Amino acid sequence: MSTQNTILIVEDEHDLQDALASALGYEDFTIIQAYDGEEGLQKAKDESPALILLDISLPKIDGLEVLRTLKKTEWGKDIKVIIMTALDDFEKMAEVMDAGGDEYVVKTQISLSDLVQKINAKLGK
Amino acid sequence: MATIKTNIRAIVVAVSVFVTLTAIVIYFHDTYEISDRYHEYVVLGLTLFSVTLISALTYQSYRVFESARAMARGMTRNMLVESQDLFSELYRNSPVPYLVINERAEIDSMNIAAARFFHVELDALEGIDVFSFLSTSEDTQKNSLIPEYFKKDKPVNEVEVCIQRPDKIERWALLSLFPFRNAKGRRMGLLTLVDITQQKKIDKAKTEFVSLASHQLRTPISAMKWNVELLTSAHENQSEALQSSYIEKIERNLARMEMLINDFLNVSKLELGTLVPEYTQIDLASFLRSIQDEYIALATTKGVTIQIVLDRAPEDIMSDTQLLHMVVSNLVGNAVKYSSKNGEVRVVAEVVNREIHIRITDTGIGIPDEEQEMLFTKLFRASNAKKQSIEGTGLGLYVVREAVRVLGGDVRFESVVGQGTTFVVMLPV
């Protein structure tokens, strides 16, 4: 069972991780943080978040691989995923969609408030 | 053999001329009677003498004519052999890989350059379908068009292909294929491969560099944007401590961007080769102290001490400030960055054999043995540095080596994983 108010942030850049956590903290979400793909998958399994903010380039297991693994599992296939990337790469975007990503955002192009709006919309708030 | 034949033929011709003329003389002798016997012998004698002379001349002329003809025939043959030799020598020794294939695209022969390209003996691939070497991992659509063209007897001009050699190594080449008919009228193909693997590698490195540069520059931009947004958004009960933590992050990322841009600019300056060192007198003590100051904040947070030892150093050295700064600042920065908590960084300058040596020693994570060879390669980062998510561009040591080169010096290092690393910069005095 997913926890409706819990968001898992998988991002290796500490300053980006902290900024996301602060912004979502203001919105009364429960935040779980992971700094690489392996930790991300483990925490997704253990904590059953409602949504995952997933960076593409991650140490250990990269974001796309995390997404593919997630979609194959019983516990992970229904978790909503927003992929974050530093690049506006259309090929990558197609790959994300193929792997089952719900949404794709470019970090430099999206403000925290827009991101919060997107998350709320995804969670039906 | 040829001369004996020519001689016999000449003798036969001469004898027939002699016999014919003699017969004519005898005929006329019988027809016109000469009364005076003395005159008769004189005329007959002279006539026979003339006949013999004409025959001898005929013999000689025939021989000259025949040998001239033989010589002309020989020369033509020689010229043919020569031009054939020339073409096969060109084919054999051309620096461009050439292959001749039959109508089923099987390799008929290849030249030395082609054997070198495929890394095989000259006849090792005879009879093998040349198109089976087209790599399927890259751009299969384009590769499959080439056999189609050959079937339709159409030439192929400089198509970029990836070839997988028998030893499984991939090489890039520009492939051209010209169909032709051989002496027996069979359809053949002359295939050339111009090796562009090196250019491809450079292109790839450039693309990777641009993508890495943009990726690395974008991360601090996002961090700054988001922290500014957090700072300016009208969230209630934002404590002063929280606000200053946002400001601190903005400053940190600004510094990070500055560092990145400096690295990128230094690389491009060094690679353009336009950097001509401007030698000035540098006060070594204050130069090294200014570098110590650059990293004192980071060192303090990690509990790392930076020691400068100048006991055996000259007061001043002649060098280029900008280049020397690139070198020493990068090395001291690395030493602090890769030091474990409460470690020690020592910077020792001394004169050794008419050279100035600057030795930077740390007690850091060290460089794995198997990766040491790659250390100065552009964009290379040691696996243990990446694993511990220590920030870096993979450009610092590349900049160090290039800058040291411009200064006419050398840089070496010794390292043990888990114990630390010592870099020695050796510069001419």
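**Getting to know chain B**

Q: Where in chain B does Ala105(B) lie?
A: Ala105(B) belongs to a loop of chain B. Helices and strands here are DSSP runs (H or I over at least four residues for a helix, E over at least two for a strand), numbered from the N terminus. The loop with Ala105(B) is the one between β1 and β2.

Q: What pLDDT do local features need in this model?
A: Residues are numbered from 1 along each chain as its sequence is written, while chains are lettered from A and ligands numbered from 1 in the order in which they are written. This is a predicted model, where totals for chains, interfaces and linings use all residues, side-chain atom pairs count only at pLDDT 80 or more, and local features need pLDDT of at least 70.

Q: What is phi of Ala105(B), and how is the residue classed for exposure?
A: Ala105(B) is not a glycine, yet its phi is positive, near 70°. Buried is for residues with 20 or more other C-beta atoms within 10 Å of their own, exposed for 12 or fewer, and partly exposed for anything in between, with C-beta atoms placed from the backbone. Ala105(B) has 18 C-beta neighbours inside 10 Å, so it counts as partly exposed.

Q: Is Glu158(B) buried or exposed?
A: Glu158(B) sits in strand β3 (residues 156–164) of chain B. Its phi is near 45°, a positive value in a residue other than glycine. Because Glu158(B) has 12 C-beta neighbours inside 10 Å, it counts as exposed.

Q: Which side chains of β1(B) are buried?
A: In a regular strand, side chains alternate between the two faces of the sheet. Strand β1 of chain B (residues 98–101) shows that alternation. Tyr98(B) and Val100(B) point to one face and are not buried, while the buried ones point to the other face: Leu99(B) and Ile101(B).

Q: Which residues stand opposite Leu99(B) in β2(B) and β5(B)?
A: Two strands count as paired if DSSP finds at least two bridges between them. β1(B) pairs in the antiparallel sense with β2(B) (residues 107–110) over three bridges, and with β5(B) (residues 187–195), also antiparallel, over four. Opposite Leu99(B) in β2(B) is Met110(B), and its bridge partner in β5(B) is Leu191(B).

Q: How are α5(B) and α6(B) oriented to each other?
A: Axes are lines fitted to C-alpha atoms (for helices, over the stretch in contact), and angles run from 0 to 180 degrees between N-to-C directions. The axes of α5 (residues 197–232) and α6 (residues 240–272) of chain B come within 9 Å and cross at roughly 160°. Angles under 35 degrees count as roughly parallel, over 145 as roughly antiparallel, 65 to 115 as roughly perpendicular and the rest as oblique. The two helices α5(B) and α6(B) are therefore roughly antiparallel.

Q: How many nonpolar residues does the contact of α5(B) with α6(B) have?
A: Residues are in contact if their C-beta atoms, placed from the backbone, lie within 7 Å. Among those that meet are Leu217(B) and Met224(B) on α5(B), and Ile250(B) and Leu254(B) on α6(B). Ala, Val, Leu, Ile, Met, Phe, Trp, Tyr, Cys and Pro count as nonpolar, Asp, Glu, Lys and Arg as charged, and the others, Gly among them, as polar. By class, this contact of α5(B) with α6(B) has two charged, four polar and, for the nonpolar ones, 15.

Q: Which element gives the largest share of the side of chain B that touches chain A?
A: Here 14 residues of chain B are in contact with 15 residues of chain A. The elements giving two or more residues to chain B's side are α5 and α6. The largest share, 10 residues, comes from α5(B).

Q: Which strands stand at the edges of the five-strand sheet?
A: This open sheet of chain B runs in the order β7-β9-β10-β12-β11, with mixed pairing. Two of its strands each have a single partner strand, so one side of each is left without a neighbour in the sheet. Those edge strands are β7 (305–309) and β11 (410–416).

Q: Which residues does Pro428(B) touch?
A: Pro428(B) lies in strand β12 (residues 420–428) of chain B. It is partly exposed, because 13 other C-beta atoms lie within 10 Å. Not counting residues up to four places away in sequence, Pro428(B) touches Glu355(B), Gly408(B) and Gly409(B).

Key:
Two residues are in contact if their C-beta atoms, placed from the backbone, lie within 7 Å.
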